[in-house]
Amino acid sequence: MTVPALSIRALVKRFGETTAVAGVDLDIPAGSFYGVVGPNGAGKTTMLSMATGLLEPDHGTVSVLGVDLWGHPAQAKPLLGVLPDGLHTFDRLTGAELISYAARLRGLDRETVRARRDDLLAALDLAEAGSTLVMDYSAGMTKKIGLACALVHAPRVLVLDEPFEAVDPVSAGAIRRILAAFVAGGGTVIMSSHVMALVERLCDHVAIVGDGRILASGPLAHVSGGSDLERRFVELVGDVQDQRDLTWLQRS
Ligand SMILES: Nc1ncnc2c1ncn2[C@@H]1O[C@H](COP(=O)(O)OP(=O)(O)OP(=O)(O)O)[C@@H](O)[C@H]1O
């Protein structure tokens, strides 16, 4: 069997009384486009943060293409490209400077940095915004520059927290094309999203997370079980329990 892109074992994270991730085991096949879905507060961001070296687990292991992430971070991290949730970045740099900075940190030479920076700015429709400070970017532009930084060193595995959030439809199309080409070229994409239709359209595998656990995982058709993903999602995580009518919103 080929080595999984990401292999998560017995992963646990607690914040005080809250168990955000409650013992997760998950294998993400290399070459897959893997969706991670779940209700608000299910533990997706916490799980992906631990799976990418941003947050230390209380317990458990993570391997990236067979390399122990927390044991050998210097070998494992270059394999990853990460778009974290709520990117906190050096926003007093311009977009172009930020990409160059990310690329230089990864040890790319100046000529490669310049060429890739220009390619990414053009492909993500940020060429004009390249000389604008990131602090003046819209939410969607900030997402796109974060994605450019995640891609610039040509990683093998991309882990993206809500990559389409706040992104306009034209830019979303560009991102979809970039990600599809990345997977077609042998890369692996792992993406969290709340948009079921998007996951159904893009992903070939999916995991449904609830209460810090994996409720279902595997090929999309298998998890959806002949139904649509949204229905399966609600079946597994449950609907809003108190569905009271906000009658005071009605004028007559
Ligand atoms: N730094 C933190 N300190 C305390 N509690 C936290 C922290 N980060 C996450 N949590 C808690 O852990 C749980 C899981 O949060 P997490 O952000 O991982 O969920 P999520 O599935 O990404 O949610 P969403 O879909 O809303 O982004 C929540 O109960 C949250 O309140």
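Helix α1 is mostly covered, with eight of its eight residues buried, and in this predicted model that helix also gives the largest share of the shell around the ligand, three residues. The briefing below takes up α1, then the ligand, and then the packing of helix α3 against helix α5 (residues 139–151) and against helix α4 (residues 110–123).

**Helix α1**

- The buried residues of α1 are Lys44, Thr45, Thr46, Met47, Leu48, Ser49, Met50 and Ala51.
- Just after α1, the backbone at Gly53 adopts a positive phi of about 85 degrees.

**Surroundings of the ligand**

- The shell around the ligand is formed by Phe15, Thr18, Ala20, Gly38, Asn40, Gly41, Ala42, Gly43, Lys44, Thr45 and Thr46, and the elements that contribute two or more residues to this shell are β2 (18–28) and α1 (44–51).
- Lys44, Thr45 and Thr46 belong to the ligand shell and are also among the buried residues of α1.
- By class, the shell around the ligand consists of three nonpolar, seven polar and one charged residue.

**Packing of α3 with α5**

- Two packed helices are described by the angle between their axes and by the distance between those axes.
- For helix α3 (residues 95–105) and helix α5 (residues 139–151), the axes come within 8 Å and cross at roughly 25 degrees.
- Because angles under 35 degrees count as roughly parallel, α3 and α5 are therefore roughly parallel to each other, and α3 passes α5 in a right-handed crossing.
- On the α3 side the contact is made by Gly95, Leu98, Ile99 and Ala102, and on the α5 side by Ile145, Ala148 and Cys149; six of the residues in this contact are nonpolar, one is polar and none is charged.

**Packing of α3 with α4**

- The axes of α3 and helix α4 (residues 110–123) lie 10 Å apart, and the two helices pack at an angle of about 130 degrees, so α3 and α4 are oblique to each other.
- The crossing of α3 and α4 is right-handed.
- In this contact, Gly95, Ala96, Ile99, Ser100, Ala103 and Arg104 of α3 meet Val113, Arg116, Arg117, Leu120 and Leu121 of α4, and the residues involved divide into six nonpolar, two polar and three charged.
- Gly95 and Ile99 of α3 take part in the contact with α4 and also in the contact with α5.

Definitions and conventions:
Residues are numbered from 1 along each chain as its sequence is written. This is a predicted model: local features need pLDDT of at least 70, side-chain atom pairs count only at pLDDT 80 or more; totals for chains, interfaces and linings use all residues. A residue is near a molecule or strand if its C-beta atom, placed from the backbone, lies within 6 Å of it. Helices (H or I, at least four residues) and strands (E, at least two) are DSSP runs, numbered from the N terminus. Ala, Val, Leu, Ile, Met, Phe, Trp, Tyr, Cys and Pro count as nonpolar, Asp, Glu, Lys and Arg as charged, and the others, Gly among them, as polar. Axes are lines fitted to C-alpha atoms, for helices over the stretch in contact, and angles run from 0 to 180 degrees between N-to-C directions. Angles under 35 degrees count as roughly parallel, over 145 as roughly antiparallel, 65 to 115 as roughly perpendicular and the rest as oblique. A crossing is left-handed if the near helix is turned anticlockwise from the far one by less than a right angle, and right-handed if clockwise. Two residues are in contact if their C-beta atoms, placed from the backbone, lie within 7 Å. A residue is buried if 20 or more other C-beta atoms lie within 10 Å of its own, exposed if 12 or fewer, and partly exposed in between; C-beta atoms are placed from the backbone.
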